[in-house]
Amino acid sequence: MDKPEPSPIKAITRVSITDSVVDRIREMIESGAYEVGEKLPTEAKLCEMLSVSRTSVREATRVLQTLGYVTLVPGKGAFVADLKPSDGGEENWFDVENVQFYDFMEVRMAIETLAVRLSVERATPKQIRALEKIHAAFLEANEKQDGLQLIMLDEQFHTKIIEYTNNPLLININKQLLECFRVYRSSSFMNNAVYQNAVGPHSRILLCFQTHNVSQAVEEMRRHLEITTLDMKTIHSGQES
C-alpha cells in the first residue's frame, strides 16, 4: 500500500517556540507521512519547511525523543520510533505482561537511590556544573509552565545522575527502563499540579551534590520518587472518576 503524501506544512510564525515545532513534527508522524523506522527530513530541511532556527528544530527533536516519537542516531539523524508494543520477536528484560506504573517506580527506587549515592561520591566539579545548568533550565521551564521542556529536562536530570556513577551496567539498565517509562513521565508533567512538586526535590538533590552529602542525597531521592508515585496515583484516580 502506498503511504500517504506528507501534508502541506504551514510555516511557524513565532520563532523559537519548541512546542509549536514539536506539534508540527508530531502531526507529520501521526498522519502516517513517515513510517516507523523512516528518517525524518534533515535539520536544515525542517528549518526550511517550518521557517524556524536550527536550535528550535534540535530542541524539538530531543523533546520528541523523550516523548517516544523519534529515535536520534548520532551522525545520521532522527528516525520515527515505534510507539506501539512489539508483536513478537526479541524480548527485552522489561517486556513483561501487565507491568504497572508502580512496578517501574519500585525498580526506579532501587536503581536511583543507588545511583545518587555513587554519583554524589564520584561526580566531578564539571559534572555538577552541568547538573546545575539542567536544573536552572528546569526552573525556567516551570515558570513558563512549559510541559514539554519539563519532560525533557526531568529525564536529563535523572539520566545525568545515573551517568555520573560511571557504572556501565547501571547506565544500560536505565537506558532500557527509560524507553518504557517515558509514557508515564509524559502524563505526569502534562499535569500542572506536578510542576512544583518536582522543583523542591530536584533543588535538594542538587544541593547534596554541591555539598557532597551522600546520605542526604539518598534520602532526598527516595522522597522525590515517593512524591512522584503519589502524584501519578492522583492523576490516574482523577482520570478514572
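This report walks through two helix contacts, a hairpin and a salt bridge in a predicted model.

## α4 against α6

Let's start with helix α4, which covers residues 101-122, and helix α6, which covers residues 147-163. Their axes come within 8 Å and cross at roughly 60°. That angle makes α4 oblique to α6, and the crossing of the two is left-handed.

Who touches whom here? On the α4 side you'll find R108, I111, E112, A115, V116 and S119, and they meet H158, I161 and I162 in α6. Sorted by class, the residues of this α4 contact with α6 come out as five nonpolar, two polar and two charged.

## A salt bridge within α4

Two residues from that α4 list, R108 and E112, deserve a second look. E112 forms a salt bridge with R108, and the closest N and O atoms are 2.6 Å apart. For a pair like this, the general idea is simple: side chains of opposite charge can pair when their charged atoms come close.

How far apart are E112 and R108 along helix α4? They sit four residues apart, so about one helical turn separates them. By the rule of a Lys or Arg side-chain nitrogen within 4 Å of an Asp or Glu carboxyl oxygen, the count of salt bridges comes to nine.

## α3 against α6

Helix α6 also packs with helix α3, which spans residues 54-67. This time the angle is about 70°, and the axes lie 9 Å apart. Angles of 65 to 115 degrees count as roughly perpendicular, and α3 and α6 are therefore roughly perpendicular to each other.

From α3, the contact takes in E59, R62, V63, T66 and L67. Facing them in α6 are L148, Q149, I151, M152, E155 and Q156. The class split for α3 with α6 is five nonpolar, three polar and three charged residues.

## The β1–β2 hairpin

Now for the strands. Strand β1 takes up residues 70-73 and strand β2 residues 77-80. The two run antiparallel and are joined by four bridges. To get the register, look at V70, which stands opposite V80 in β2, and then at T71, which stands opposite F79 in β2.

What lies between β1 and β2 in the hairpin? Three residues do, and G75 in the turn has a positive phi of about 80°.

Definitions and conventions: Residues are numbered from 1 along each chain as its sequence is written. Side-chain values use heavy atoms; hydrogens and water are left out. Axes are lines fitted to C-alpha atoms, for helices over the stretch in contact, and angles run from 0 to 180 degrees between N-to-C directions. Angles under 35 degrees count as roughly parallel, over 145 as roughly antiparallel, 65 to 115 as roughly perpendicular and the rest as oblique. A crossing is left-handed if the near helix is turned anticlockwise from the far one by less than a right angle, and right-handed if clockwise. Contact means heavy atoms within 4.5 Å. Ala, Val, Leu, Ile, Met, Phe, Trp, Tyr, Cys and Pro count as nonpolar, Asp, Glu, Lys and Arg as charged, and the others, Gly among them, as polar. Two strands pair if DSSP finds at least two bridges between them.
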